[in-house]
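Q: Can you walk me through this fold? Start with whatever terms I need.

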Amino acid sequence: MKRGFLLTLEGPEGSGKSTHSRLLAGYLTQKGIQTYCTREPGSTALGEKMRQLLLSPLYKNMSVRTELLLYEAARAQHVDEIIIPALNKNITVICDRFYDATFAYQGYGRGIDPSIIKHINDFAVNKITPDLTILLDIDVNIGLGKSLHLSKDSFPRGEGDRIEQEDIEFHKRVREGYLNLAQKEPERIKVVTVESEISKTQLEIQKHIDDLLRRNNYVV
């Protein structure tokens, strides 16, 4: 039986992952490919509880080890409850952030040893890896400016969540981390520069998706 694809969208704050996840789902649906959009952290009942803990500015004193473990706990539930069952039903899962985010944010951003992250993450993902990852690259100042003007997760517009409130140097390390990850895995991680016009960015994403489909004998 065919297994669905796992497509992940990554990038710094304000890169448009949520928007492009929805647009990509529509594009694949038109091709007759059943899709399911999800996000991290969150998507499950447990995951959404952990999302609130992770993103709420009330918990600025959260230790980096606690942060890592909460992200991975939410991921483990997400993988077991949503991702694996969907893939086994030949549903293509489009995930707004997955484990590359942990290496970028908690590894490059927070300075946690990547070997520690890998050990915990390997246990959390239960051998699930993305078939293709789109890295939406954007200047951190522009991205943060966009992100802070959005009203999401019940946090006041303009203030940002706990992660968005980190200093600019943290966000620069995250972006650099993402780009380094892409250099290490160029076959899986495709860098797409975020354009001012959403349609141009989406077109570049679709080109990479079409390449994946062709390699797997889909008519595009």
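A: Pairing first: two strands pair if DSSP finds at least two bridges between them. Helices (H or I, at least four residues) and strands (E, at least two) are DSSP runs, numbered from the N terminus. This is a predicted model, where local features need pLDDT of at least 70, side-chain atom pairs count only at pLDDT 80 or more, and totals for chains, interfaces and linings use all residues. Residues are numbered from 1 along each chain as its sequence is written, and side-chain values use heavy atoms, with hydrogens and water left out.

Q: Fine. In E3, what is the bridge partner of Leu-9?
A: Asp-96. Leu-9 also has a bridge partner in E4, namely Ile-134.

Q: Which way do E1 and E4 run, and over how many bridges?
A: E1 and strand E4 (residues 132-137) are parallel, with four bridges. Strand E1 (residues 6-10) is also parallel to E3, again over four bridges. There, Leu-7 sits opposite Ile-94.

Q: And what about E2 and E3?
A: Strand E2 (residues 35-39) pairs with E3 in the parallel sense too, over five bridges. Cys-37 has Ile-94 as its bridge partner in E3.

Q: Is E3 buried or exposed?
A: Buried means under 20% relative accessible area, exposed over 50%, and partly exposed in between (1.4 Å probe, protein chains only). Five of the five residues of E3 (residues 92-96) are buried, so the strand is largely enclosed by the rest of the structure. Both faces are covered. Thr-92, Ile-94 and Asp-96 lie on one side, and Val-93 and Cys-95 on the other.

Q: How many residues of E1 are buried?
A: Five of the five, so E1 is largely enclosed by the rest of the structure. Leu-6, Thr-8 and Glu-10 point one way, while Leu-7 and Leu-9 point the other.

Q: Now the core. Which residues touch the most other members of the largest one?
A: A nonpolar core is a set of buried Ala, Val, Leu, Ile, Met, Phe, Trp, Tyr and Cys residues joined through side-chain atoms within 4.5 Å. The largest has 35 residues, and Leu-6, Ile-83, Phe-98, Tyr-105, Ile-128 and Tyr-178 touch the most other members. Elements supplying at least two residues each are helix H2 (45-55), helix H3 (64-88), E3, helix H4 (99-109), helix H5 (114-125) and helix H7 (168-184). H3 gives the most, with nine residues.

Q: What is Phe-98 in contact with?
A: Contact means heavy atoms within 4.5 Å. Leaving aside neighbours within four places in sequence, Phe-98 is in contact with Leu-6, Thr-8, Glu-10, Glu-40, Arg-75, Val-79, Ile-83, Val-125, Ile-128 and Pro-130.

Q: What does the second core include?
A: That separate core has 19 residues, including Leu-7, Leu-9, Ala-25 and Ile-205.

Q: Switching to pockets. How much space lies in the second largest one?
A: About 360 Å³. On a 1 Å grid over the protein atoms alone, a pocket is an open set of points with protein on both sides within 12 Å along at least five of seven lines, while a cavity is a set where a 1.4 Å probe fits but cannot get out; lining residues have an atom within 4 Å of a point. Grid points are joined across faces, edges and corners, and a volume is the space filled by probe spheres set on the points.

Q: Which residues are closest to the centre of that pocket?
A: Of the 18 lining residues, they are Tyr-99, Phe-103, Lys-118, Leu-181 and Glu-185. H4, H5 and H7 are the elements giving two or more residues to the lining. H5 gives the most, with six.

Q: How does that lining split by class?
A: Seven nonpolar, four polar and seven charged residues. Ala, Val, Leu, Ile, Met, Phe, Trp, Tyr, Cys and Pro count as nonpolar, Asp, Glu, Lys and Arg as charged, and the others, Gly among them, as polar.

Q: How many cavities of 30 Å³ or more are there?
A: Two. The second largest has a volume of about 30 Å³. Its lining is Phe-5, Leu-7, Leu-28, Ile-33, Thr-92, Ile-209, Leu-212 and Leu-213. Helix H8 (residues 198-215) gives the most to this lining, with three residues.

Q: Last one: where does Thr-44 lie?
A: In the loop between E2 and H2. Thr-44 is buried, at 2% relative accessible area.
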